[in-house]
Amino acid sequence: MPAILETKGLTYEYGHGTSMSKVAVDHVDLSVRQGELIGIIGHTGSGKSTLIQQLNGLLRPTAGQVLLEGRDIWAEPKKIREVRFRVGMVFQYPEYQLFEETVRADIAFGPRNMGLSGGEVEDRVRRAAEFAGLRPELLDRSPFELSGGEKRRAAIAGVIAMDPDVLVLDEPAAGLDPHGRDVLLSQIQSYHRLRQNTVLLVSHSMEDIARVAGRVLVMDHGRAAFFDRTAKVFAHGEELERMGLRVPQVTKIMDRLRRGGYPVAPGVLTLEDAIRQLAPVLRERGLLHVQ
Ligand code: ADP
């Protein structure tokens, strides 16, 4: 698969040339293939937001490049608007950006701005609402009548409706209750599976990242500390903890067992996988009698 999105030496410095300057993203090199679901983790202040805001041209790099299908997005600054349609960004608490009279009009805002015809816009709204798990009868309500979770879905649908090649979500489940988080994560997963497009997911929840991401980028002090398959990254439990990150509980327990001499692989991510690996060991030692 060719890379859809790349960064080369990507660097961003706030207050460049002033005494308050701060390098928030420091020479980051990434290559993301079409169809990947990438998790982005890192302690607060590690540079995640600054990084993603450069991917669709909201921030212009101080140095280095962002390439979309091999083309520098700033090669023609006039075309940056097009890049914003192709790399869709769902910010934290996106529901605060709902402002139209109806949910339908809100979701339609992006596709209409792209100059699509009425029929196509209508079609996009319907499909996006479905992907975001928004019941059709909610489309004619005012966004302000919706529950917190529904508002969040409406805002996400508004970005999906632009049919972006790359969808970037910054903490999409922040502030939702555990059930709401779970449902939203499954929705994102099925959107990714069905659309087969590229998704970048910033999350504080290691469990969520372990569940859905194929590869993980770990940001630390503006640098890409790790960018590898999820299991490989979570096998670096101690280093991640030094960066203020907590690996999933199950990964930690399995790591302890492995260091205690049990023949289990490093970087176990889910309970199912842990059971699969432990069952033969326990059976062999006469500690497990069921299949
Ligand atoms: P994260 O998203 O991982 O929390 P950010 O990209 O928001 O990290 O921040 C990275 C660094 O840049 C932090 O040290 C933060 O204080 C600094 N920073 C973020 N936004 C600004 C800004 N507008 N002006 C100056 N410094 C900023």
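User: What makes up the lining of the second largest cavity: how many nonpolar, polar and charged residues?

Analyst: Quick heads-up that this is a predicted model. The lining splits into eight nonpolar residues, one polar and no charged. Here's the full cast: F131, A132, I156, I160, L167, L184, Q187, I188 and Y191. Helix 5 and helix 6 are the elements that give two or more residues to that lining, with helix 6 supplying the largest share, four residues. Gln isn't on the nonpolar list and isn't one of the charged types, so Q187 counts as the polar one.

User: Why is it called a cavity and not a pocket?

Analyst: A cavity is space where a 1.4 Å probe fits but cannot get out, whereas a pocket is open. The second largest cavity has a volume of about 50 Å³, and the structure holds three cavities of 30 Å³ or more.

User: What lines the largest cavity, and which helix gives the most to it?

Analyst: The lining is E171, P172, A173, R181, L184, L185, I188, L201, S203 and D208. Helix 6 (residues 178-195) gives the most, with four residues. By class you get six nonpolar, one polar and three charged. Asp, Glu, Lys and Arg count as charged, so E171, R181 and D208 are those three. The space itself comes to about 60 Å³.

User: How much space is in the largest pocket, and what surrounds it?

Analyst: About 570 Å³ of space lies in there. Its lining has 24 residues, and M89, Q97, F109, V159 and M162 lie nearest the centre. Helix 3 (103-113) is one of the elements with at least two residues in this lining, and helix 3 has the largest share, five residues. The classes come out as 15 nonpolar, six polar and three charged.

User: And what is the second largest pocket lined with, by class?

Analyst: Three nonpolar, no polar and six charged residues. The lining is L68, R71, D72, I73, E76, K79, E82, V83 and R86. Take out L68, I73 and V83, which are on the nonpolar list, and what's left is Asp, Glu, Lys or Arg, so those residues count as charged. This pocket holds about 160 Å³, and helix 2 brings the largest share of its lining, three residues.

User: How do you know which residues are in polar contact with the ligand?

Analyst: You need a pair of N or O atoms within 3.5 Å. A backbone N or O atom of G47 lies 3.1 Å from a ligand oxygen, and one of S46 lies 3.2 Å from a ligand oxygen. Both distances are within the cut-off, so both pairs count as polar contacts. A polar side-chain atom of Y14 lies 3.5 Å from a ligand nitrogen. On its own the ligand exposes 570 Å², and the protein buries 60% of that.

User: Which element gives the largest share of the shell around the ligand?

Analyst: Helix 1, with three residues. The shell has two nonpolar, seven polar and two charged residues, and K22 and K48 are among its members.

User: Last one: why is the protein said to be as compact as a globular protein of its length?

Analyst: It has eleven helices and ten strands. Its radius of gyration is 21 Å, close to the 19 Å that the globule rule gives for 291 residues, so the protein is as compact as a globular one of that length.

Technical notes
Residues numbered from 1 in each chain as written. Predicted model: local features only at pLDDT ≥ 70, side-chain atom pairs only at ≥ 80, totals over all residues. Heavy atoms only, no water. Near = heavy atom within 4 Å. Polar contact = N/O pair within 3.5 Å; in protein donor to acceptor, adjacent residues only side chain to side chain. Areas by Shrake-Rupley, 256 points an atom, 1.4 Å probe, with all protein chains shown as cover. 1 Å grid on protein atoms, 1.4 Å probe; cavity = no way out; pocket = protein on both sides within 12 Å on 5 of 7 lines; lining within 4 Å. Points joined across faces, edges and corners; volume = space filled by probe spheres on them. Rg over C-alpha atoms; globule rule 2.2 N^0.38 Å.
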